[in-house]
Amino acid sequence: QLQFVESGGGLVQPGGSLRLSCAASGFSSDYYAIGWFRQAPGKEREGVICISSKGGSTYYAGSVKGRFTISRDNAKNTVYLQMNSLKPEDTAVYYCAAQSYCSGPLVPGSWGQGTQVTVSS
């Protein structure tokens, strides 16, 4: 059974940085693409960025280009989201999920519980 545990969220001032972690279990994290998604209050969940099984990244949200990067540590079965130059509009619950490939279908049942990121002064 695929399971993800997200962590690393918190309260940060505008311009600050956070690194989110997505720990996978039940499968090898390098088998699927892993996407980060976010959902702000009152808004639909949106894709942020994805890393393929081979390590290539795909940005889903143009607003994070140049600020967010994604990486994976296959030995730890973990994917990371490095977020720099954070803005208030980045405030959301961040989730990771498995995808067949970046921009491809989600693997059913693979959503984690999310981690809250709040960017505020």
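**Arg72, Gln99 and a few serines**

Reader: Let's start with Arg72: which strand is its place in?
Author: Arg72 has its place in residues 68-73. Strands here are DSSP E runs of at least two residues and helices are H or I runs of at least four, numbered from the N terminus. By that numbering, the home of Arg72 is strand 7.

Reader: And what sort of model and numbering are we looking at?
Author: Residues are numbered from 1 along each chain as its sequence is written, and side-chain values use heavy atoms, with hydrogens and water left out. The model is predicted: totals for chains, interfaces and linings use all residues, side-chain atom pairs count only at pLDDT 80 or more, and local features need pLDDT of at least 70.

Reader: Is Arg72 buried or exposed?
Author: The cut-offs are under 20% relative accessible area for buried, over 50% for exposed, and partly exposed in between (1.4 Å probe, protein chains only). Arg72 comes in at 16% relative accessibility, so it counts as buried.

Reader: Which residue's backbone oxygen does the Arg72 side chain reach at 2.5 Å?
Author: A polar contact here is a pair of N or O atoms within 3.5 Å; within protein, one must be able to donate a hydrogen and the other to accept it, and residues adjacent in sequence count only if both atoms are side-chain atoms. The Arg72 side chain reaches the backbone oxygen of Tyr32 at 3.3 Å. At 2.5 Å, the backbone oxygen belongs to Ser52.

Reader: Over to Gln99: which residue's backbone oxygen lies 2.9 Å from its side chain?
Author: Gln99 sits in strand 9 and has a relative accessible area of 3%, so it is buried. Its contacts (heavy atoms within 4.5 Å) include Tyr32, Phe37, Cys50, Tyr60 and Leu106, leaving out residues up to four places away in sequence. The backbone oxygen 2.9 Å from a polar atom of the Gln99 side chain is that of Gly104.

Reader: Phi of Ser103 is near what value?
Author: Ser103 is in the loop between strand 9 and strand 10 (115-119), and at 56% relative accessibility it counts as exposed. Most residues other than glycine have a negative phi. In Ser103, phi is positive, near 75°.

Reader: What about Ser85: phi is near what value there?
Author: Ser85 belongs to the loop between strand 8 (78-83) and strand 9 (92-99). At 40% relative accessibility, Ser85 counts as partly exposed. Phi of Ser85 is positive too, near 50°.

Reader: How far apart in space are Ser63 and Asp90, C-alpha to C-alpha?
Author: Ser63 lies in the loop between strand 6 (57-59) and strand 7, partly exposed with a relative accessible area of 44%. Its side chain makes a polar contact with the side chain of Arg38 at 3.5 Å. Asp90 is 27 residues away from Ser63 in sequence, and the C-alpha atoms are apart by 9.2 Å.

Reader: Zooming out, what is the radius of gyration of the protein?
Author: The protein has 0 helices and 10 strands. The globule rule (2.2 Å times the number of residues to the power 0.38, with the radius taken over C-alpha atoms) gives 14 Å for 121 residues. The protein is close to that, so it is as compact as a globular protein of that length, with a radius of gyration of 13 Å.

Reader: What share of the 121 residues is buried?
Author: The C-alpha trace spans about 40 × 25 × 25 Å along its principal axes. Of the 121 residues in the protein, the buried share is 46%.
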